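Take a moment with the sequence and the model. The paragraphs below move from the contact between two chains to the empty space inside, and then to a single residue.

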Amino acid sequence: MIQAFAFYLFATLMIASGAITILARNPVHSVLWLILAFFNAAGLMVLAGAEFIAMLLVIVYVGAVAVLFLFVVMMLDIDFAELRAGFINNFPLGFVLAVVLLAELVLGVGAYRAGSLPLGVADGAGAATAGLSNTAAIGALLYSRYLFLFEAAGVILLVAMIGAIVLTHRQRSGVRGQNISKQVARRPEDATINVQPEVGKGVQL
Amino acid sequence: MTEFFMGLGLSYGWAWGISTVCGILLIALPLMLGVAMIIYADRKIWAAMALRRGPNVVGPLGLLQSFADGLKVFLQETIIPAAANKGLFLIAPIITFTVALMAWAVIPFNSGAVLANVNVGLLYVLAISSLGVYGVVIAGWSSNSKYPFFSAMRASAQMISYEVSIGFILICVVLWAGTFNLNDIVKAQQGHVWIINGFVANPLLFPMWVMFLISGMAETARAPFDLTEAESELVAGYQTEYSSMSFALYWLGEYANVLLMCALNATLFWGGWLPPLDLPILYIVPGFVWLLLKILFFFFVFSWVKATVPRYRYDQLMRLGWKVFLPVSLLFVFVISGYLMATGHFA
C-alpha cells in the first residue's frame, strides 16, 4: 500500500514539476523545478530497487549538471518584455516542433498497442545474479558484456571535453600569473641584503 | 529497535514507523545540542589561539553562550528585503539546514547502529552533500543583492571543483573496502595495518586522507576556504540579507555540515566506531564513544586550521582543486587499483 502511495506521490510530483519547468516565466524557477523533477525521478528509481542509479542521478544531474545550469541561468539579465516579443517570431518553429512531438507520441503509443518488437530473447542472460548487490550487478555487466560500449562512451566524452577546451582556449599575452613553486623556492638571501651604511653616505644597490 | 516495538504488540508497519521516528530523534536532537556546544568550543579554541578569553559570561565558563545567542536571534524580527524573491528567500535556509541533517542517516554509530543501513551509503552521502550548495546558491540569487550573489557564484564553483576530487578519493576507499556500505567500510578497517584500525595507517591511503581533510574544509566552506562569506570583500556573503531564525538556520546547518565532515573523516579513514588499536581491552568502551572522540578531535583540527591559516585567494583555491588535487587523486586511483589487482585483493 505504502509503495503504491509513494509511487503515485513521486510520479505526480515529477510530472507536475516537469510541466512547471516549461511553464515557469522565470528561467531560475524553471531550473529549480527541473531539479525537483530529477529528485522525484530518483525517488522512483529507489522504489524500483535501483538505488545505485538513483544515487547517480542525484549526484550527476542534481549535484553537478543542474548547479552549472543554475550558474549560467542566474547570470542572465532577464527582460520579460523582450522574452514575450520573441513569441511571434519563434511561433512557427515552436508549432512545427510541437506537431513533430505529438506525431511521435501518437506513433509511439500506436506501435506499443500493436505489440512490442522482439529485441532480445528473455533467457535470463541479462538478469541480475541473486545475492549480488545492485552496484556489483551493474559493474559486472558494464565491465564485461558492455565494456566496449562503455569505453566508447568514455572516449566520446573525452573528445567532447578536449574539443570544448580547444575551441574556447585563447592565448593571451601580458598576463602575470602566479608561479607558486617559484615563490616557494625563493629564499630570503635572494631578495634582501643587510647593509650598514656610514653616516652621510647612501647605499648603492 | 523494530523488534522492541513489535514486542509491545504492534504490527510490523507501525513498529517500523515508530522506531524510525525514534531513531531520527535520537540522532537529530543530540546533534542539535552538539552543534550548540561545538559553536561554543569553536569560539573558545579560536580565542585561546588568539590569546583571548572567548565567551565567558553566560553560564559557567560561558557554556550557555550558544543558547543565549539562539534566544537572541529567535526573538529578532525576520526581515525580508523588498526586492527579494520571497518564496525562495525563505526556502533557502530550510534547504541548507535539512540537507545538513539528512546525511547523518547513514553514519554508523556502532556495529549495525545506523538509521538507514543502505548498500549505497557512501553514494548517498555524496549525493546529499552535493545538495548543500543549493541553499547557498538560492539564497544568493533570491536576495537580489550583489554581495550575496557573488558569494553564490563562488560557492557553486567551489563545491563543484572539490566534489570531483572528493569523488576520486572516496573511490580509493571503496576499492579497498569493496563496498559502499559505511558500516562495512568501518569493518574492513579492523586491524588494517598490523593492529591499527583505520585506512589512514596504509601508506597508499594516507595521502588520500590528507587530501580528503583539505577538500572537506573546502566543501564545507570553512577557513581557509571560506570565500563564500569572506567578510573583507563580501560583507557576510550569502547570509548578508538574512536575519533572525533564517540566519540561525544557516549557522546551525553550517556547523552540522562541519561535524558531518569530521564524522566522515573518522568513518572512512580512522576506523569509525572501532577503537584506534585492535586490542580486545579497548572494545570494552562502546563504539559510539570512540566515534565521538574522533569527531571531536577532527573538529579541533578544523578549528585549529581556522585560527592559524590565512584565507586563500579565489584563483589559488581553484588552482589547488583542479591542478593539484584532481590529478593527484586520479593518479592514486590508478596506483591503488593497480596495487590491489597485482596483490590479488579482488580474487
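Start where the chains meet. This is a predicted model, and the count of salt bridges between chain B and chain A is zero. Polar contact does occur: three residue pairs, both members at pLDDT 80 or more, are counted between chain B and chain A.

How many residues does each chain bring to the contact? Chain B supplies 27 residues and chain A supplies 25 residues. Together, the two chains bury about 2200 Å². Carbon and sulfur atoms give 79% of that area. On the side of chain B, three residues lose the most area to chain A: Tyr134(B), Trp141(B) and Met153(B). Their joint share is 25% of what that side buries.

Now look at which parts of chain B touch chain A. Three helices give two or more residues each: helix 5 (121-142), helix 6 (146-177) and helix 12 (314-342) of chain B. Helix 5 of chain B gives the most, with eleven residues. What is the chemical make-up of this side of chain B? It divides into 18 nonpolar residues, five polar and four charged.

Next comes the empty space. Rolling a probe the size of a water molecule over the atoms shows where such space is left. Here the count is three cavities of 30 Å³ or more. The largest cavity has a volume of about 240 Å³.

Which residues lie nearest the centre of the largest cavity? They are Gly132(B), Met159(B), Glu219(B), Thr220(B) and Asn257(B), out of 16 residues that line it. Helix 5, helix 6 and helix 10 (244-269) of chain B each give two or more residues to this lining. So helix 5 and helix 6 of chain B serve both the lining and the side that touches chain A, by the DSSP numbering of helices. Helix 10 of chain B gives the most to the lining, with four residues. The lining residues divide into seven nonpolar, six polar and three charged.

Finally, stay with helix 10 of chain B, where Leu252(B) is found. Which residues does Leu252(B) contact, leaving aside its neighbours within four places in sequence? Met32(B), Val35(B) and Phe97(B) are in contact with Leu252(B). For a sense of distance, pick out Ile336(B) as well. Leu252(B) and Ile336(B) are 84 residues apart along the chain. Their C-alpha atoms are separated by 37 Å.

How values were computed:
Residues numbered from 1 in each chain as written. Chains lettered and ligands numbered in written order. Predicted model: local features only at pLDDT ≥ 70, side-chain atom pairs only at ≥ 80, totals over all residues. Heavy atoms only, no water. Contact = heavy atoms within 4.5 Å. Buried area = accessible area lost by both parts, 1.4 Å probe. Salt bridge = Lys/Arg side-chain N within 4 Å of Asp/Glu carboxyl O. Polar contact = N/O pair within 3.5 Å; in protein donor to acceptor, adjacent residues only side chain to side chain. Nonpolar A, V, L, I, M, F, W, Y, C, P; charged D, E, K, R; others polar. 1 Å grid on protein atoms, 1.4 Å probe; cavity = no way out; pocket = protein on both sides within 12 Å on 5 of 7 lines; lining within 4 Å. Points joined across faces, edges and corners; volume = space filled by probe spheres on them.
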